[in-house]
Amino acid sequence: MELLCPAGNLTALRAAVDNGADTVYIGFRDVTNARQFPGLNFTPAQAARGVEYAHQRGVRVLVTVNSFVQAGGWPQWQAAVDEAGRIGADAVILADLGLIAYAAEQWPAMARHLSVQASATTPEALAFYKRRYGVSRAVLPRVLSMQQVEALAAEADLELEVFGFGSLCVMAEGRCLLSSYATGESPNTVGACSPAWAVDWQETERGREVRLGGLLIDRFAPEEPAGYPTICKGRYEVEGSVEHAFESPTSLETAELLPRLKRAGINAVKIEGRQRSPAYVGKVTRIWRGLIDQIPDGDADFTPDPEQIAALREFCEGTTTTLGPYERKWQ
Ligand code: SF4
């Protein structure tokens, strides 16, 4: 299986390459991808250097252009696809139908991958993208159970990629309104959930408070770890008690599913986190390289090395992990 790792800058890209990634995915420094934060991502010149560094070491680079084209914004998104072609990206990851068509027409030699944001969950949808636009791989939405992944993989006639590790997002891919509600911006429109300009931290007598768009979304005790604030992982008062009403801070961690994913025919496992530090990317990449290399051939069982799993847990939100929607006990 292919190991895909995130990079939010050149240092992170080198960390991913040097620690065993088969493929690195990146985005440009603008609204055309769903990890648009200040100081993050690549200028075209930096992206070209990243491609050169990776290709010299036999590693592929994919460019993410997976936010949706906004009214009047076509030239900017088109330019991102063109830049991906010019710098020699191995593939471009797309969600917007118009962009997929454009990439197929203008850059036929550059592979087209269907982003998780496109929410394709049926063999028919996948077949359409392949037949009509030559899409060669789809990233499956993170809302599918393991049984659904297997059923889809049994019928799909293109490569499939799944998320294996990192932050979870409770939205049905591409359809979150929480961030828009508080800030007017969302990953699909300007590429940012909880855009930095809308985040406000304050030390108060009651604790460290964080607001998004002026709305109080969490309050932390003095020594309590605090991650990047998103509305879905905030704590709210519900019927008299304060709790994580939408989702607890936790990370997707699927090492134990690797043999099953491989048997299902999943081609690639993706690590979430272009917004993460180079140190995080390097360490998580190294651990996942080790995990994937341990997968036995055939139907043999596989127990991930407990030391690697313990090391991985250090990098998880709230230091807890979940199989997320992959595991639905009622199915
Ligand atoms: S608010 Fe939460 S569910 Fe919505 S896009 Fe952000 S991380 Fe995902």
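**Notebook: cysteine site, domain interface and salt bridges**

I located Cys193 in the loop between α8 (187–190) and β8 (199–204); helices (H or I, at least four residues) and strands (E, at least two) are DSSP runs, numbered from the N terminus. The model is a predicted one, in which local features need pLDDT of at least 70 and side-chain atom pairs count only at pLDDT 80 or more, whereas totals for chains, interfaces and linings use all residues. Residues are numbered from 1 along each chain as its sequence is written, and side-chain values use heavy atoms, with hydrogens and water left out.

**Entry 1: the annotated cysteines**

I looked up the accessibility of Cys193 and found a relative accessible area of 23%, which makes Cys193 partly exposed. The classes are buried for under 20% relative accessible area, exposed for over 50%, and partly exposed in between (1.4 Å probe, protein chains only). I then listed the contacts of Cys193, leaving aside its neighbours within four places in sequence, and obtained Phe37, Ser179, Pro187, Tyr228 and Thr230. Contact here means heavy atoms within 4.5 Å.

I consulted the UniProt record, an unreviewed entry, whose annotation "binding site" covers Cys169, Cys176, Cys193 and Cys232. These four are spread over 64 residues of sequence, yet they cluster in space, with a largest C-alpha distance of 10.2 Å. I note that UniProt positions are given in the numbering used here, that feature names are shortened, and that annotations may be inferred rather than shown by experiment.

Cys176 sits in the loop between β7 (159–167) and α7 (178–183). I recorded Cys176 as buried, at a relative accessible area of 19%.

**Entry 2: two domains and their interface**

I checked the domain assignment, which gives domain 1 (2–168 + 250–326) and domain 2 (178–243); such bounds come from an automatic or database domain assignment. The centres of domain 1 and domain 2, taken over C-alpha atoms, are separated by 27 Å. I found that 15 residues from domain 1 and eleven residues from domain 2 take part in the contact.

How much area is buried between domain 1 and domain 2? I read a value of about 890 Å², with carbon and sulfur atoms giving 47% of it. Buried area is the accessible area (1.4 Å probe) that two parts lose on being put together, summed over both. On the domain 1 side, Gln36, Phe37 and Gln70 supply 37% of the area buried against domain 2, more than any other three residues. Phe37 also appears among the contacts of Cys193.

Which polar pairs cross the interface of domain 1 and domain 2 was my next search. The rule finds six residue pairs in polar contact there, both residues at pLDDT 80 or more. A polar contact is a pair of N or O atoms within 3.5 Å; within protein, one must be able to donate a hydrogen and the other to accept it, and residues adjacent in sequence count only if both atoms are side-chain atoms. The rule finds zero salt bridges across this interface, a salt bridge being a side-chain nitrogen of Lys or Arg within 4 Å of a carboxyl oxygen of Asp or Glu.

**Entry 3: salt bridges**

I counted 17 salt bridges in the structure. In one of them, Glu2 pairs with Arg60, the closest N and O atoms being 3.2 Å apart. This pair links distant parts of the chain, with Glu2 in strand β1 (residues 2–6) and Arg60 in strand β3 (residues 60–65), 58 residues apart. Glu2 is buried at 15% relative accessible area, while Arg60 is partly exposed at 28%.

I next examined Glu161 and Arg137, whose side chains meet in a salt bridge (2.9 Å, N to O). Glu161 belongs to strand β7 and Arg137 to strand β6 (residues 137–139), so this pair ties together parts 24 residues apart in sequence. Are these partners buried or exposed? Glu161 is buried at 0% relative accessible area, and Arg137 is buried at 1%. I found both pairs within a network of salt bridges that links Glu2, Arg60, Arg137, Glu159, Glu161 and Lys270.

I also inspected Glu150 and Arg260, whose side chains form a salt bridge (2.7 Å, N to O). Glu150 lies in helix α6 (residues 146–155) and Arg260 in helix α9 (residues 258–264), so the pair joins parts 110 residues apart in sequence. Glu150 is partly exposed at 26%, and Arg260 is partly exposed at 32%.

**Entry 4: Glu272**

I traced Glu272 to the loop between β14 (268–271) and α10 (278–294). Glu272 is buried, with a relative accessible area of 2%. Its side chain reaches the backbone nitrogen of Ser167 at 3.0 Å. Among the residues in contact with Glu272, its neighbours within four places in sequence left aside, I noted Arg35, Arg142, Phe163, Phe165 and Tyr280.
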